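Me: I am new to this structure and would like a close look at a single part of it. Please choose one helix and take me through what it packs against.

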Amino acid sequence: MPSASDTVSTTDRRSRGSVALKAVGLLVLAAAVLSFPSVAANPFILSVGVVIMSYAVLATSWNFVGGFTGYISLGHAAYSGLGGYATGLLVIHTGVNPWLGMLLAGLAVAVLAVPIGIASLRVRGASFVIVSIALVLILLLVFQSWGSFTGGSNGLRVPRPFGPEVLRPEQHERFFYLHAALLAVALLTWWLIDRSRFGMGLKAIREDEDKAQALGVPTFTYKLIAFVVSAFFTALGGGLYALWFGFLDPIFQFSILVGSYMVLMSLLGGIRSLFGPFLGAVIVGYAVEYFKNQYGDTQFHLVAMGLLLGLVVLFMPDGIIPAATNLVDRFRPQKTSIREVTQAELAEQRRTAGPEAAQADQQARTDDGTDIPTSDSTVTEGARS
Amino acid sequence: MASDTTPRASEQYLLELDDVEAGYGRAALVLRGLTVKVPPATVVCLVGPNGAGKSTVLKVASGMLTPRSGTIRVAGKDVTKNSPQQMLAAGLSHVLQGHSVFKEMTVEENVRLGAYSVKDKGEVNDRIDFVKTLFPVVADRWNALAGALSGGQQKQVEFARSLMVSPQVVLLDEPSMGLDPKATGTVFEQVVRMRDAGTAVLLVEQNARRALETADLGCVLDLGRVHISGPADELLRDPQLAELYLGGRPAASPAT
């Protein structure tokens, strides 16, 4: 049987090994992302890459609320749409530098998210989901009807930040890198929160909000901060998309579908994992583009996405990353306290524990015989495990 | 019968529930003029049949239920109308019935959450060292997910979490629930260690005999009042009490 010090040193080695592994993984990932534009076969593939990166930004931003607090918002398209429109309208009406406009739009949406958060975070579970959907539908109506300002159903043309001398493929490449940079900032922020005291409080809320409150976590304030940060990044994602795509239509911006994609991507990858939403965005984003390309304007891609969502919920409720981690862990040395103990070791333990253990055994026997509640509870525990 | 639980000497009580009446909603009173006093570094155990109001005593003491009349004092200070958070700040830490660890967070995160209201980092780290020494299991499984621990180990994590705020009194609601006799033994040993480390404990238990063997003072509750109280070993030897509440057999000697 390994002594205590042995166990500690193997654990140390393992964790050091996994840190090195993570560092290598991160470098490979960064290299893969950065080299994508140069290996992309044609501008179309490159544009699919931009779409996927845009989804990755949105899903990662969504995960500030969904992943940390467990509040599932189906209406995050409200913030990406507002971010896009605010960016476009600022550029058109004030002539501000587009990048500054995008940042201002993000801040404006963040400010707007405060009262929305105060109102909607009071309710939990299904009620919160419904409130979040309602917001998108309201915004859709407003932006469709207020034609003089938003362009209405005709859409809004957003001026391109790069001049006409920059050709299409070059545009795609630049926006691919811009999205990647924004994604990196969002991921870094998520990672920092994940390791902080604030993040610990948020995770406690996700598991049991009442218990967290009883321990002194200011639950409402924390939820609100996570919500506002999420809205801010989502709006930046929407703004960047608007600058790339150059055209906004309310029906696509304020769509339940976009919000659902963010949820599906995050769930698929794993909402508790840093890279979960990114991975989900790559898979779902690619699948959506593939189905659209293969089956044209049919609704087939929706059927496929519905099927995918069903499969995820049934077989990988925690997402791909946790499922894969579990699979890898199965082939590693066991980390749990349950170890196989040989009879000789057991005898040794008994001997060293000595009279105390013997007494406990004795006690156990008397208790079983006389004390009804104890034997009851023992049975229950057995049944549970 | 006098409901004063402790020696009448002039020592200060850490927790006093004085003539407390409490109940849920419009239903009849559960506690009818209950008085319990907890001196420093003592384990006080409440036993009694189901429905006697044992858990309600802890709910009142932790601010989850506001009493209709009577007073609650912590170290002499009136805290009767306090919210749960204020009770925590006043020094009453409640370990709930059943398993209440955050199963998907690590042992470390669980323990640190206990000190969420403590701002001083140095103090938090001191307390962590303290609970790690007190509960070796917590130190051993520091990075494990709390949900992966056995019931008895989870209970110790909860104990550790409750001690992070340096409470005056820890309120334990049925710590042996769902544990096998051996784990129950360990949990009660830890209760004694908590007391020896200077924390008073107000303990509620179904497993009356075992709890009284652990406790210093005992109170037998019936119908919302303290029926009999006194040193725990005397209660254990009382033949009438054994007949009524401890399963019909007087304990000849506590060490079987």
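**Helix α10 of chain A and its neighbours**

Reply: In this predicted model, 37% of the 385 residues of chain A count as buried. The chain has 18 helices and two strands, and among its contacts between residues at least 6 apart in sequence, 76% join residues at least 24 apart. Helix α10(A), residues 219-245, is the part to follow here.

Packed helices can be described by the angle between their axes and the distance between those axes. Helix α2 of chain A, residues 43-69, and α10(A) have axes that come within 8 Å and cross at roughly 170°. Because angles over 145 degrees count as roughly antiparallel, α2(A) is roughly antiparallel to α10(A). On the α2(A) side, the contact is made by V50(A), S54(A), V57(A), L58(A), S61(A), W62(A), F64(A), V65(A), F68(A) and T69(A), while α10(A) brings K223(A), A226(A), F227(A), V229(A), S230(A), F233(A), T234(A), G237(A), Y241(A) and W244(A). Sorted by class, this contact holds 13 nonpolar, six polar and one charged residues.

Helix α4 of chain A, residues 98-120, also packs with α10(A), at an angle of about 145° and with the axes 8 Å apart. The crossing in which α4(A) passes α10(A) is right-handed. Here P98(A), M102(A), A105(A), G106(A), V109(A), A110(A), A113(A), V114(A), G117(A) and I118(A) of α4(A) meet a set of α10(A) residues, namely L224(A), F227(A), V228(A), A231(A), F232(A), A235(A), L236(A), G239(A), L240(A) and L243(A). By class, the contact of α4(A) with α10(A) has 17 nonpolar, three polar and no charged residues. F227(A) of α10(A) appears both in the contact with α2(A) and in the contact with α4(A). An α-helix has 3.6 residues a turn, so residues three or four places apart point the same way.

Returning to α2(A), it is worth pausing at P43(A), which lies in this helix. P43(A) is partly exposed, because 15 other C-beta atoms lie within 10 Å. From C-alpha to C-alpha, P43(A) and P169(A) are 5.3 Å apart in space, although 126 residues separate them in sequence. Setting aside neighbours within four places in sequence, P43(A) is in contact with R168(A), P169(A) and H172(A).

Note on methods
Residues numbered from 1 in each chain as written. Chains lettered and ligands numbered in written order. Predicted model: local features only at pLDDT ≥ 70, side-chain atom pairs only at ≥ 80, totals over all residues. Axes fitted to C-alpha atoms, helices over the stretch in contact; angles between N-to-C directions. Helix = DSSP H or I, 4+ residues; strand = E, 2+ residues; numbered from the N terminus. Parallel < 35°, antiparallel > 145°, perpendicular 65-115°, else oblique. Contact = placed C-beta atoms within 7 Å. Nonpolar A, V, L, I, M, F, W, Y, C, P; charged D, E, K, R; others polar. Buried ≥ 20, exposed ≤ 12 C-beta atoms within 10 Å, placed from the backbone. Left-handed = near helix turned anticlockwise from the far one by under 90°.
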